[in-house]
Amino acid sequence: MSKQEWKTRVAVVGAGHAGVEAALASARLGVDTVLFTLSLDSLANLPCNPSIGGTAKGHLVYEIDALGGEMGRVADLVTLQSRTLNTGKGAAVHSKRIQADRKKYQRLMKSVVENTPNLRLIQAEIVELLTEKNEENGQQYVSGLKTKLGEIWSCEKVVLATGTYLESAIFVGDVSYDAGPDGLLGAKGLSASLQSCGLELLRFKTGTPARVNRNSIDFSRLEVQPGEEKILPFSVESDEHMFDSVQQIPCHIVYTNTETHRIIRENITRSAMYSGKIHGTGPRYCPSIEDKLVRFADKERHQLFVEPVGEDTAEMYIQGFSTSLPTDVQYAMLHSLEGFENAEIMRYAYAIEYDCADPTQMDASLEFKTIRGLYGAGQFNGTSGYEEAAAQGLVAGINAARAVLGKLPIILERSGSYIGTLIDDLVTKGTNEPYRMMTSRSEYRLLLRQDNADARLTPIGYEAGLISEARYQAFLAKQAMIDAEIERMEHTHVSPATANPFLAELGETALKSGASLADLLRRPLVTYDLLRALDADRPDLPAAVKLSAEVSVKYAGYANRQLAEVERHRKLEEKKLPTDIDYGKIRGLRLEAAQKLAKIKPLTVGQASRISGVNPADVSVLLIYLGMK
């Protein structure tokens, strides 16, 4: 065993999307940082779907970028196709999703990590968390890490971003073996070390579909799904015209049928999920195909998306066809699909089980309450998805570095971001299944749009130190353009004689008196682009500015009502709860509430009100108790 001892200030364990964002954030804040990974070849891997963004996930990518994270910028550079989902609904739920070139994404992100000052990238397996206990207060603190080769790394802060590698096991039918995703090595021993330090671990499961050779698919029998014509990038650092001449790769749609369903039902007991071999809890919102057939037995078919994995590979991903059925069944059900009669599997589908932490053990900075200096991020915190992972990694990395620098943590509010909602849900409510972000999880979603992510979060990223002065000044200039355009539309009026022919053509009600351009834009069928017919003198503005101005005008009434609601709730968020409260001694507090509050240790009355098992009467008792202090 090696006797070599090393030092760093922040150590990040795991180089998936959470680990990469955590390490980059810490290093960019000037803190000496080491990023450990089981394999340099798996850094920023996309082991499941080759896409970034999607419903609510697109919001997270925009927010990561607004705070100074890296995911959005690299995603722009590897875009094979872009689509905005939910365009038939309001702008609050519009979500950008791109098909990513998997290997190119890994290659570019690895280059970013390798060339970031203050950051060392090391291939090593971490098998033990080292801690020390303060004898005066009994508090446990991080002191270092131990590798499988016996090296000791002393450090002040550790971010655990182990993804699906922790004591991971692969399942295909009745075959199971220890491994991480894509057949890579899993992480052994660290779980036992964490449990010996007092952490409570959970066992979750996820899965992935087979990868099929493009040349064996008859695409003429599939529905074509083209990309959108006008693509706006995720990152404000990307040129908005970078996609103007890009030839997008189409995706395709195929459907399961009665034969597919017959094959699956007749073999369902051979699925690792239904044979009792898998004990971990799977994701509710991304179920396996056999799980879909059980849950939605009345559906005659299920939609599947055939997506490219990269520009220079024949591998195709079939979204919605995840399974843990044996290989012979995988072939049978695949060949039952129209156009896939002769399809060749390049990688078999599998399910994977892994260890993760109960996130209620952390506070809103993502630091563990019982082990100071230890932070969790990504699937280690019980989430699913690349975007959820990257968002948590960014926050954990910022806060680990700020703690080293003697600064207070950055706590994102629910009302200000989906990242804040995600973290608050995890640490306040916990999760008994892989958590997935959805727009419906936020009570403030009219305020948390993709188009205003920079307005909400760039000042915070600038304060944290991840947004450069030049980028911040560009941000201020953009906001000034948006405000000026809104002001111009509010004060530019048109007469009924001018506007009514335009409105009649759209099927809108005629004006009886003059109206501002903003008033017209608030009408359902009027868009900013269509309004050009009445607005010949409008300035030539960047696409992102026009979008934000349009959405801000259309949503103004709804947004103002929601802002008033935010202010009402802010009073509870501002009422701090002492960390040393003995909830068992508060008169009038129900036993269940006292137990839940003692476990979660909420920082504010607002957070306490969102804990499962704490009702409005309990909140009133807390307010009375605080008023008596």
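Q: Which residue of strand 23 stands opposite Val159?
A: First, some ground rules: this is a predicted model, where local features need pLDDT of at least 70 and side-chain atom pairs need 80 or more, while totals for chains, interfaces and linings use all residues. Residues are numbered from 1 along each chain as its sequence is written, and side-chain values use heavy atoms, without hydrogens or water. Strand 11 and strand 23 (residues 374–376) run parallel, joined by three bridges; strands here are DSSP E runs of at least two residues, and helices are H or I runs of at least four, numbered from the N terminus. Within that pairing, the residue opposite Val159 is Tyr375.

Q: Which residue of strand 2 does Val159 stand opposite?
A: Strand 11 also pairs with strand 2 (residues 10–13), and these two run parallel. Four bridges join them, and DSSP has to find at least two for a pair to count. The residue standing opposite Val159 is Val12.

Q: Which residues of strand 11 point the other way from Lys157 and Val159?
A: In a regular strand, side chains alternate between the two faces of the sheet. Strand 11 covers residues 157–160, and both sets of its residues are buried, that is, under 20% relative accessible area with a 1.4 Å probe on protein chains only. Lys157 and Val159 point one way, and the other way point Val158 and Leu160.

Q: Which strands stand at the edges of the sheet with the order 4-6-5?
A: This open sheet has three strands with antiparallel pairing. Strand 4 is joined to strand 6 (residues 95–100) by three bridges, and Gly53 has Arg97 as its bridge partner in strand 6. Two strands have a single partner each, so one side of each is left without a neighbour in the sheet: strand 4 (51–53) and strand 5 (79–85).

Q: Which strands stand at the edges of the sheet with the order 13-12-21-14?
A: Here we have an open sheet of four strands, paired in the antiparallel sense. Strand 12 (residues 169–172) and strand 13 pair over four bridges, with Ile170 opposite Tyr177. One side of each edge strand lacks a neighbour because each has a single partner; these are strand 13 (175–178) and strand 14 (201–208).

Q: How many of the 12 residues of helix 1 are buried?
A: Helix 1 (residues 17–28) has end C-alpha atoms 16 Å apart, which agrees with the expected 16 Å, taken as 1.5 Å times one less than the number of residues. The buried residues include His17, Glu21 and Ser26. Helix 1 is largely enclosed by the rest of the structure, because the number buried is 11.

Q: Which helix gives the most to the lining of the largest cavity?
A: The largest cavity holds about 70 Å³; on a 1 Å grid over protein atoms alone, a cavity is where a 1.4 Å probe fits but cannot get out, and lining residues have an atom within 4 Å of a point. Volume is the space filled by probe spheres on grid points joined across faces, edges and corners. The lining, which includes Pro209, Phe321 and Met333, has eight nonpolar residues, two polar and no charged. With three residues, the top contributor is helix 8 (residues 327–335).

Q: Which helix supplies the largest share of the lining of the second largest cavity?
A: This cavity has a volume of about 40 Å³. Its lining is made up of Leu67, Val395, Ile398, Asn399, Ile410, Leu412 and Ile460. Three residues of that lining come from helix 9 (residues 386–404).

How values were computed. 1 Å grid on protein atoms, 1.4 Å probe; cavity = no way out; pocket = protein on both sides within 12 Å on 5 of 7 lines; lining within 4 Å. Nonpolar A, V, L, I, M, F, W, Y, C, P; charged D, E, K, R; others polar. Buried < 20%, exposed > 50% of the residue type's maximum accessible area, 1.4 Å probe, protein only.
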